[in-house]
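Subject: Structure handover and notes

Hello,

Here is the structure you asked to take over. My notes on it follow below, grouped by topic.

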Amino acid sequence: MGATQPTVTGSANRALIGATIGFFIGAGSVSLFGPTAHIFLKAMHLSPQQVGLLVAMPMLTGSLLRIPFGASVDRNGGRLPFLVLLIASVIGIAGLYWMLLTLYPNHLTAKYYPMLLTFGALAGCGIATFSVGIGQVSYWYSKKKQGWALAVFGGLGDSSPGFVVLILPAVIMTVGLWGGYLFSLAIIIVGIIIYYLMGLNAPYYQFYKRNHDTARATEEAKKYGQELFPTGGTWHTLLLSAKHWRTWPLVILYFTNFGGFLALTAWLPIFWQTYFHVGAFHSVVFTAVFSLIAAFIRVYGGKLSDEMGGEKTAVISLIVLLVGSVIMTFSSLLWLTIIGEILVGAGMGVNNAAVFKLVPHYVPDAVGGTAGWVGGLGCLGGFAIPPILGDIVALVGINGCYVPQ
């Protein structure tokens, strides 16, 4: 009898579903403190600078960890770093829940602020699953389908902050502050279980784990349609992608568009309330519209990138973004500014999809490392852009952004 044909556990679509759910759960940490910042401000008597650092802490750690963890995919396929990041996020949210359960409201004083930052930093680890999932999904899919697959992963996962902004305040109003974080803890535990069952490594990594033979694993994986293969370990792929000049235009694009998406998700509630004097409810709704449009249209952007190519899709999306930005800058009408916001969200979402269509196309021999640089440094835009917006408003004044009728 002939030798038994090696088999692969799971499928590309199954891995995509698992990674998307895992990232959706982890990405919610972006909005972990935003809806509750005023509560910590009042209870702990924090300064505005301390509140700003608290709100940014999950985003900061989630951004920086994308670089090494994204690169580690080229070594082990993604499953292990993905689980490590989600478990770290669970520890952080569990710590926040414990603090609130035992200290809030009477004993939660400013002396616990460093502990609050530490747990917030751990909770933000879930955000870093993005770059891990990008590499993991890329190795499963053929080049013709990568744009769509990566857009589904990024787009549906990125919708998480918009839902958190809408749902978390409602949960807190119903069951209290500690109950809101208990709800978040339960959700992320369910996400870890789903990812553990579905987020499997691509064929190459499954075969390599069995026999530790690179050539044989590559040959067997090709029979299952795998087209991309790693060329080295974590630091090798980071250095290789860093030396490739095409990595850095992608970083700039993602810093502007995805970083801008995160920054505006945090900035727009202030914009709507300050310059158009809308209530808190409407400011949240208008912001959620922007966030969800930018996330969901990313899926269509991936399909468009597969059909038209990443370069053409990126150019078109930037034109749409420019038009929306001009409208928002000069409009004094609420309805027209909302249209501008929608165009900005659509342009950013499609461009984000186009960027990651180009990652495996531009740097095929270091996908994980490139995804780490692009995802990590790009995400930092969400941390860096809001202060710049604040400086601009301080420079030109309120009338520079909105002229009352």
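In which helix is the place of Q136? Q136 sits in helix 7, which covers residues 129-140. Please keep in mind throughout that this is a predicted model.

**Two glutamines**

Is Q136 buried or exposed? Q136 is buried, because its relative accessibility is 1% and the cut-off for buried is under 20%. Apart from neighbours within four places in sequence, the contacts of Q136 include A19, V73, G77, G78, R79 and F82. Y195, G199, L200 and N201 are also in contact with Q136.

Q146 belongs to helix 8, residues 146-158. Q146 is buried too, with a relative accessible area of 3%. The Q146 side chain comes to 3.2 Å from the backbone oxygen of Y141. With neighbours within four places in sequence set aside, Q146 has contacts with S138, Y141, L228, D306 and P360. D306 comes up again under the salt bridges.

**The nonpolar core and a nonpolar patch**

As background, nonpolar side chains in soluble globular proteins tend to be buried together. In this model, the largest nonpolar core contains 109 residues. Which residues have the most contacts inside the core? They are F40, Y181 and F356. Not counting neighbours within four places in sequence, F356 is in contact with F130, I134, L150, Y254, R298, A371, V374 and G375.

There is also nonpolar material on the surface: L166, I167, F183 and I187 make a patch of about 320 Å². Helix 9 (160-175) and helix 10 (177-198) are the elements that give two or more residues to this nonpolar patch. One of the patch residues, F183, is located in helix 10. F183 has a relative accessible area of 38%, so it counts as partly exposed.

**Salt bridges**

Side chains of opposite charge can pair when their charged atoms come close. How many salt bridges does a search of the whole structure find? The search finds 4. Three of them are described here, among them the bridge between K223 and E220.

- K223 and E220: the closest N and O atoms are 3.5 Å apart. E220 is buried, at 11% relative accessibility.
- E307 and K303: the side chains meet with an N to O distance of 2.6 Å. Both residues lie in helix 15 (residues 280-308), 4 residues apart, which is about one turn of the helix. E307 is exposed at 58% relative accessibility, whereas K303 is partly exposed, with a relative accessible area of 42%.
- K357 and D306: the closest N and O atoms are 2.9 Å apart. This pair links distant parts of the chain, since K357 is in helix 17 and D306 is in helix 15, 51 residues apart. K357 is buried at 14% relative accessibility, while D306 is partly exposed, with a relative accessible area of 25%.

Why does K357 count as buried while D306 counts as partly exposed? The cut-off for buried is under 20% and the range for partly exposed runs from there to 50%, so the 14% of K357 falls under the cut-off and the 25% of D306 falls in between.

**Another residue in helix 17**

L336 is in helix 17, residues 334-362. L336 is partly exposed, having a relative accessible area of 27%. Between L336 and G324 there are 9.8 Å in space, C-alpha to C-alpha, and the two are 12 residues apart in sequence. Leaving out neighbours within four places in sequence, L336 has contacts with I327 and S331.

**Backbone details in the loops**

Y104 and P105 are joined by a cis peptide bond, with omega at about 5°. P105 is in the loop between helix 5 (79-103) and helix 6 (113-123).

Two histidines are also worth a look. H45 has a positive phi, near 55°, and is a residue other than glycine. H45 is in the loop between helix 2 (37-44) and helix 3 (48-64), and is exposed at 68% relative accessibility. H212 is not a glycine either, yet has a positive phi of about 55°. The loop that holds H212 lies between helix 11 (203-211) and helix 12 (214-222). H212 is exposed, with a relative accessible area of 57%.

Regards

Conventions. Residues are numbered from 1 along each chain as its sequence is written. This is a predicted model: local features need pLDDT of at least 70, side-chain atom pairs count only at pLDDT 80 or more; totals for chains, interfaces and linings use all residues. Side-chain values use heavy atoms; hydrogens and water are left out. Buried means under 20% relative accessible area, exposed over 50%, partly exposed in between (1.4 Å probe, protein chains only). A polar contact is a pair of N or O atoms within 3.5 Å; within protein, one must be able to donate a hydrogen and the other to accept it, and residues adjacent in sequence count only if both atoms are side-chain atoms. Contact means heavy atoms within 4.5 Å. Patches are made of residues with over 30% relative accessible area and no salt bridge: like charges are joined within 9 Å, nonpolar side chains (Val, Leu, Ile, Met, Phe, Trp, Tyr) within 5 Å. Accessible areas come from the Shrake-Rupley method with a 1.4 Å probe; for residues, only the protein chains shown count as cover. A nonpolar core is a set of buried Ala, Val, Leu, Ile, Met, Phe, Trp, Tyr and Cys residues joined through side-chain atoms within 4.5 Å.
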